[in-house]
Amino acid sequence: MSNNREQWGTRLGFILAASGSAVGIGNIWKFPYIAGENGGAAFTIVYLACIMIVGLSILVAEFVIGRKTLLSPVGAFEKIAPGTNWKYVGFLGVASAFVILSFYGVVGGWILKYITVSIVGGFDSFASDTSASGALFNEFITSAYSPLFYQLIFMGLCVFVIIRGVKGGIEKWSKIMMPLIVVLLGVLAIRGMTLDGGMKGVSFLFNPRFGDLSASAIVLALGHSFFTVSLGMGTMITYGSYLKKDQNLLSSALWVIFLDTAIAMLAGVAIFTTVFALGADPASGPGLIFVILPSVFPEIAGGTIWSSIFFFLLFMAALTSAISILEVVTAYFIDQKGWSRKKSTLIFGSVITIVGCFCSLSLGGGINIIGIFGEDFFLGGTFFDVMDNLSGKYMLPIGGMLTALFVINKMGMKDYIKELSVGSDNQNINPSIIKGFLIVAAVVVAFIIFNEFYALLSGKALVG
Ligand code: PHE
């Protein structure tokens with residue numbers, strides 16, 4: 001079957017698709033507000049260290065496993081370690097894809113809704129009035145039907161792209177959307193910097209405030225580095241499995257990480273310059289983009305255009321990530337069950353959408369399916385929170401750690417380096433250094449996971 005496996009058309013197409021997966025809601029929504037709350041550049045420095053040590057090692061490992069086996073996660077682990085339990089790491093990835101996409105699709109729907117509100121000038125009445133913009137947001141996400149409608153459209157678009165396959169779907173759309181994201185974000189960042197007082201936002205983001213950097217911020221940076229680079233659930237194994245042998249995996253991984261980080265920073269600049277120029281609260285946490293921005297954009301000239309651009313680029317970032325998550329599930333059914341792409345995409349796109357409906361409804365729409373277990377059952381009060389925490393805090397880090405251990409213990413450095421060297425001019429890759437990085441990655445992540453479990457069981461984390 002691997003002979004007629006779909007492949008990326010070009011190296012650029014692959015890099016844009018992989019960075020499209022990486023660049024998502026995590027970069028544009030989450031990074032700016034967690035950096036804002038946790039010491040600005042001090043947080044960014046820690047985050048960069050996490051990405052370069054842990055993120056890069058695991059990203060390269062996923063590319064190597066994918067390209068070596070030409071299979072998506074379950075088949076890939078099974079092929080390298082036949083008859084062992086390692087294939088369950090692949091199953092964990094497929095399960096993570098279900099969990100993440102169910103709530104990610106809901107947020108994708110919120111973004112679509114905000115595009116429609118913005119385009120018709122719907123933010124105008126929110127000028128400087130965060131209680132009005134906050135009321136709209138709360139009313140919308142806690143209502144029953146409206147969010148489901150937008151979520152359905154967002155998921156429908158995911159299915160539309162994935163059904164068209166690797167080259168004609170994922171690659172084609174990533175090649176259109178990624179450059180657009182960079183350009184539009186660049187325009188917004190310049191607009192922000194030229195606003196009166198906008199540069200205060202830049203210094204807020206790039207001035208290190210080490211006093212605000214707590215131990216928990218370090219844990220947060222590490223967890224975020226998994227989510228933002230789409231690691232630990234086999235997305236990058238799947239994308240790597242569509243590669244030809246002539247790609248330099250290390251340099252591709254560096255490109256993905258560079259683009260992911262650069263876009264997160266650019267988003268930070270675009271957002272904080274605007275927030276500072278208009279004197280809004282920069283440390284307003286998760287509400288930063290859905291509550292604060294709709295109240296500051298109407299105050300600048302051409303506000304409707306700027307806010308529509310912002311939500312449109314956020315939508316594209318969310319879509320290029322969401323398709324990569326759906327592709328993990330689709331590829332599993334194609335590779336392991338011999339299903340057609342159309343059948344697997346349609347069936348599992350629908351199943352995930354239905355699970356997602358329950359995430360959305362748990363926010364106030366009337367059905368919180370975990371509610372029967374009591375108010376604070378397992379990782380959060382709502383089904384939405386449970387899915388979010390379960391994936392971000394546990395599934396992805398565990399998947400990433402096991403991937404690193406798999407390379408060290410099962411695949412072996414010799415085979416690993418051999419595959420890594422294919423397509424690279426540099427034949428002097430030092431196995432001990434690469435192994436050292438993988439070990440550090442596994443140990444650091446193991447500690448983070450332990451810390452989370454400790455917090456879960458005892459009510460208080462060791463760190464953070
Ligand atoms: N990296 C994406 C983001 O930053 C999220 C994601 C996680 C995508 C895991 C795929 C797999 O939003």
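In the predicted model, four cavities of 30 Å³ or more are present. The largest of these encloses about 130 Å³ of space. Its lining comprises 17 residues, and those lying nearest the centre of the cavity are S21, Y104, F227, S230 and I325. Contributions of at least two residues each to this lining come from α1 (11–22), α2 (25–37), α5 (87–119), α10 (215–228) and α14 (303–337). Classified by residue type, the lining of the largest cavity contains eight nonpolar and nine polar residues, and charged residues are absent from it.

The second largest cavity holds about 60 Å³ of space. It is lined by E62, P73, F77, V89, G90, G93, G232, M233, G234, I237, G399 and T403. Two or more of these lining residues are given by each of α4 (73–80), α5 and α16 (383–411), and the largest share, three residues, belongs to α5. By class, five residues of this lining are nonpolar, six are polar and one is charged. Helix α5 thus recurs in the descriptions of both cavities, supplying at least two residues to the lining of the largest and three to that of the second largest.

On the surface, a nonpolar patch of about 550 Å² is formed by M52, I53, L250, L254, I433, F437 and V440. Helices α3 (41–69), α12 (249–277) and α18 (431–458) each provide at least two residues of the patch, with the greatest contribution, three residues, made by α18. Among the patch residues, V440 is located in α18. The relative accessible area of V440 is 40%, and the residue is therefore classed as partly exposed.

Notes: Residues are numbered from 1 along each chain as its sequence is written. This is a predicted model: local features need pLDDT of at least 70, side-chain atom pairs count only at pLDDT 80 or more; totals for chains, interfaces and linings use all residues. Side-chain values use heavy atoms; hydrogens and water are left out. Patches are made of residues with over 30% relative accessible area and no salt bridge: like charges are joined within 9 Å, nonpolar side chains (Val, Leu, Ile, Met, Phe, Trp, Tyr) within 5 Å. Accessible areas come from the Shrake-Rupley method with a 1.4 Å probe; for residues, only the protein chains shown count as cover. A salt bridge is a side-chain nitrogen of Lys or Arg within 4 Å of a carboxyl oxygen of Asp or Glu. Helices (H or I, at least four residues) and strands (E, at least two) are DSSP runs, numbered from the N terminus. Buried means under 20% relative accessible area, exposed over 50%, partly exposed in between (1.4 Å probe, protein chains only). On a 1 Å grid over the protein atoms alone, a cavity is a set of points where a 1.4 Å probe fits but cannot get out, and a pocket is an open set with protein on both sides within 12 Å along at least five of seven lines; lining residues have an atom within 4 Å of a point. Grid points are joined across faces, edges and corners, and a volume is the space filled by probe spheres set on the points. Ala, Val, Leu, Ile, Met, Phe, Trp, Tyr, Cys and Pro count as nonpolar, Asp, Glu, Lys and Arg as charged, and the others, Gly among them, as polar.
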